[in-house]
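Morning, everyone. Please pull up the structure on your screens, and I'll walk you through it.

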Amino acid sequence: MKKVIAMQDLDCANCAAKMEQAIRKIDGVQSCTINFMLQRMTLEFDENNSEEIIKQIKATIKKIEPDCRLKI
């Protein structure tokens, strides 16, 4: 499944790059790109396990930039 998710309070382009790298390592994620300027994440992942994958993505984002949130 491909999904575009809006992000909120992403303050650092370097943090966005770190998030991309970490999220790509999550099982079930095929690709992840984060556009810092548009505050958007484009994600391709296994739809059969989407709840668990989103939960892991949120935890990963919180570790890198605690104030950043996904608008789902």
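Let's start at one residue, F45. Is F45 buried or exposed? It counts as buried, because its relative accessibility is 2%, and the cut-off for buried is under 20%. Before I go on, keep in mind that this is a predicted model.

So where is F45? It sits in strand β3. Now look at what surrounds it. Leaving out residues up to four places away in sequence, F45 touches M1, K3, G28, V29, Q30, S50, I53 and I54. One of those contacts, V29, also stands opposite F45 in the strand pairing. For a sense of scale, take N14. F45 and N14 are 31 residues apart in sequence, and their C-alpha atoms are 23 Å apart in space.

Now the sheet. Which order do the strands take? It is β2-β3-β1-β4, four strands in an open sheet, with antiparallel pairing. As a reminder, strands of a sheet pair through backbone hydrogen bonds, either parallel or antiparallel. The edges are β2 and β4, where β4 covers 69-71. Each edge strand has a single partner, so one side of each has no neighbour in the sheet. On average, neighbouring strands are turned by 30 degrees against each other, ignoring direction.

Take the pairs in turn. β2 and β3 run antiparallel and are joined by six bridges. They form a hairpin, with four residues between them. Check Q39 in that turn: its phi is positive, about 55 degrees. On the other side of the sheet order, β1 and β4 are also antiparallel, with three bridges between them. Here Q8 stands opposite R69 in β4.

Next, the helices. α1 lies across β1, β2 and β3. Its direction runs at about 170 degrees to β2. α2 packs on the sheet too, and it touches β1, β2, β3 and β4. The angle between α2 and β3 is about 140 degrees.

How do the two helices meet each other? Two packed helices are described by the angle between their axes and the distance between the axes. For α1 and α2, the angle is about 145 degrees and the axes are 10 Å apart. The crossing is right-handed. From α1, the contact uses C15, K18, M19, A22 and I23. From α2, it uses I57, T60, I61 and I64. By class, that is seven nonpolar residues, one polar and one charged.

Stay with T60 for a moment. T60 is in helix α2. It is buried, because its relative accessible area is 16%, which falls under the 20% cut-off. Apart from its neighbours within four places in sequence, T60 is in contact with A22, I23 and I26.

Let's go to the core. Which residues of the largest nonpolar core touch the most other members? They are M7, I23, M41, L43, I57 and I61, out of 19 residues in that core. Five elements give two or more residues each: β1 (2-8), α1 (13-24), β2 (29-35), β3 (40-45) and α2 (50-64). The largest share comes from α2, with four residues.

I61 is a good one to click on. Setting aside residues up to four places away in sequence, I61 touches M7, M19, I23, M41, P66, C68 and L70. Among these, M7, I23 and M41 are on that list of best-connected core members as well.

Last stop: two more residues of α2. E52 is in this helix. It is partly exposed, because its relative accessible area is 34%, between the 20% and 50% limits. E52 and G28 are 24 residues apart along the chain, and their C-alpha atoms are separated by 9.5 Å.

K58 is also in α2. Its relative accessibility is 43%, so K58 counts as partly exposed. What does K58 touch beyond four places in sequence? Its contacts there are L70 and I72. Compare V4: it is 54 residues from K58 along the chain, with 15 Å between the C-alpha atoms.

To recap, we have an open antiparallel sheet of four strands, with α1 lying across three of them, β1, β2 and β3, and α2 touching β1, β2, β3 and β4. The helices pack on each other at about 145 degrees. Questions, please.

How values were computed: Residues are numbered from 1 along each chain as its sequence is written. This is a predicted model: local features need pLDDT of at least 70, side-chain atom pairs count only at pLDDT 80 or more; totals for chains, interfaces and linings use all residues. Side-chain values use heavy atoms; hydrogens and water are left out. A nonpolar core is a set of buried Ala, Val, Leu, Ile, Met, Phe, Trp, Tyr and Cys residues joined through side-chain atoms within 4.5 Å. Buried means under 20% relative accessible area, exposed over 50%, partly exposed in between (1.4 Å probe, protein chains only). Contact means heavy atoms within 4.5 Å. Two strands pair if DSSP finds at least two bridges between them. Axes are lines fitted to C-alpha atoms, for helices over the stretch in contact, and angles run from 0 to 180 degrees between N-to-C directions. A crossing is left-handed if the near helix is turned anticlockwise from the far one by less than a right angle, and right-handed if clockwise. Ala, Val, Leu, Ile, Met, Phe, Trp, Tyr, Cys and Pro count as nonpolar, Asp, Glu, Lys and Arg as charged, and the others, Gly among them, as polar.
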